[in-house]
Amino acid sequence: MRILVTGGTGYIGSHTCVQLLEQGDEVVIVDNLSNSKESVVSAIEKITGKRPVFYRADILDREALDTIFYTHKIDAVIHFAGLKAVGESVAKPLEYYHNNITGTLTLLDVMREHGCFKIVFSSSATVYGTPASVPIREDFPTGGTTNPYGTTKLYLERILSDLYVSDKRWSVVLLRYFNPIGAHESCLIGDNPNGIPNNLMPYVTRVAKGTLPKLCIYGNDYPTHDGTGVRDFIHVEDLAAGHIAVVNKMADSGVKVYNLGTGVGYSVLDLVQAFERSTGIKIPYEITDRRPGDIAECWSDPAKAERELGWRAKHTLEEMCRSAWNFEKAN
Ligand code: NAD
Ligand code: WQD
């Protein structure tokens, strides 16, 4: 298949491009490099021996998309492109709604014009808001998002579902990711946020490296086994493999929703201890106040993806920690 990967030089997109190329798909990437670097294209080539076609373009740029669809006969789109910083989205709601929602509307309109009706969308566990219980199943209610970033995911899920209702030629897969961490074993691609990281794992690896003095753990008074927040950390390689399973089994028509998680919840302290065990490096930390908007527990029931796609996450938490650390050291 020839697959257009929006946001393909980003963290999850680049790992997915590698696996697509490895199984023989043709890959066309469109990315405006707002949160990634063009050197990722060469990294993907170095890993796979194949160079994906790359367009530095914005998904808001209708003409650029039109040219891409005109030049390449695209069979399906995996749509990663989007802004993803939760805190920044609170400060810049217009930019987030414009980029994520208008960008997706533009993409969908161009897809329709060119007769391409298959799309896999990067959604997020954030659409469940504060779940009534864990593990979270796909049929749990969505809503109650606490920031514009999360709301863009919620609205886009709705928009994509409405699209199918209007025109049964669409095949839509909504993938709700839990907490991706880790990197490709080559250490050539991985999560490399600019500035001080917001997410836990890149913060931990920078403390391990000595770039940051200590980790602040946001609260130890949650109703969890050790009081710290519990999340479903998933290796980015497993997450990428989930996309491969989806693409290989994509129906001709319909809307499908899958959780991509491991089904196991680990606390912040569990992760710190696993990191220390697997790398031999001590992580100094301090317990601080809760971070506004955080929930106590968020972990998936991934049974539907296993049942319908034959996919399940394989990597252990220790493997994820080692992989994240190897990438940090190499970069
Ligand atoms: P990322 O920032 O590394 O990758 C996104 C890519 O999209 C970047 O390379 C960026 O330059 C590009 N981009 C952004 N706006 C664009 C635009 N208008 N036109 C073209 N390119 C644009 O993020 P990621 O972690 O790889 O996330 C990929 C997707 O998965 C995002 O939609 C994100 O919201 C979603 N997601 C991520 C996580 C996570 O924790 N990383 C969790 C759930 C969902
Ligand atoms: C994990 C746990 C923190 C940093 C976010 C988005 C979500 C999704 C994934 C895109 C929490 C604690 C963190 C730190 C800490 N992204 N923590 N000290 O908040 O579960 O999810 O990324 O869709 O939408 O909200 O991930 O890595 O920020 O936090 O104690 O310095 O680590 O409180 O319990 P989160 P995270």
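This report describes how the protein surrounds ligand 1 and ligand 2, taking each ligand in turn.

The structure is a predicted model, and every value given below was computed from that model.

**Ligand 1**

The shell around ligand 1 holds 27 residues, and those that come nearest are Asp31, Asn35, Ser36, Asn99 and Tyr149. By class, this shell is made up of 11 nonpolar, 12 polar and four charged residues. Three elements, α1 (11-22), β5 (118-124) and α6 (148-166), each supply at least two residues of the shell around ligand 1, and β5 gives the most, with three residues.

Polar contacts to ligand 1 involve both backbone and side-chain atoms of the protein. A polar backbone atom of Phe80 lies 2.8 Å from an oxygen atom of the ligand, while a polar backbone atom of Gly10 is 3.4 Å from an oxygen atom of ligand 1. The side chain of Asp58, for its part, places an N or O atom 3.0 Å from a nitrogen atom of ligand 1. On its own ligand 1 has 810 Å² of accessible area, of which the protein covers 95%.

**Ligand 2**

Around ligand 2 there are 18 residues, and Tyr149, Leu200, Cys216, Arg231 and Asp294 come nearest. Tyr149 is therefore a name that appears for both ligands, being listed among the nearest residues of ligand 1 and of ligand 2. The shell around ligand 2 divides into nine nonpolar, six polar and three charged residues.

Two of the polar contacts to ligand 2 come from side chains: a polar side-chain atom of Asp294 lies 2.5 Å from an oxygen atom of the ligand, and a polar side-chain atom of Arg231 lies 2.6 Å from an oxygen atom of ligand 2. Leu200 takes part through its backbone, where a polar atom is 2.8 Å from an oxygen atom of ligand 2. Taken alone, ligand 2 exposes 680 Å², and the protein buries 87% of that area. The elements that give two or more residues to the shell around ligand 2 are α7 (200-209) and β8 (215-218), with β8 giving the most, at four residues.

**Polar contacts listed together**

The table collects the contacts described above.

| Ligand atom | Protein atom | Distance |
|---|---|---|
| Oxygen of ligand 1 | Polar backbone atom of Gly10 | 3.4 Å |
| Nitrogen of ligand 1 | N or O atom in the side chain of Asp58 | 3.0 Å |
| Oxygen of ligand 1 | Polar backbone atom of Phe80 | 2.8 Å |
| Oxygen of ligand 2 | Polar backbone atom of Leu200 | 2.8 Å |
| Oxygen of ligand 2 | Polar side-chain atom of Arg231 | 2.6 Å |
| Oxygen of ligand 2 | Polar side-chain atom of Asp294 | 2.5 Å |

Key
Residues numbered from 1 in each chain as written. Chains lettered and ligands numbered in written order. Predicted model: local features only at pLDDT ≥ 70, side-chain atom pairs only at ≥ 80, totals over all residues. Heavy atoms only, no water. Near = heavy atom within 4 Å. Polar contact = N/O pair within 3.5 Å; in protein donor to acceptor, adjacent residues only side chain to side chain. Areas by Shrake-Rupley, 256 points an atom, 1.4 Å probe, with all protein chains shown as cover. Nonpolar A, V, L, I, M, F, W, Y, C, P; charged D, E, K, R; others polar.
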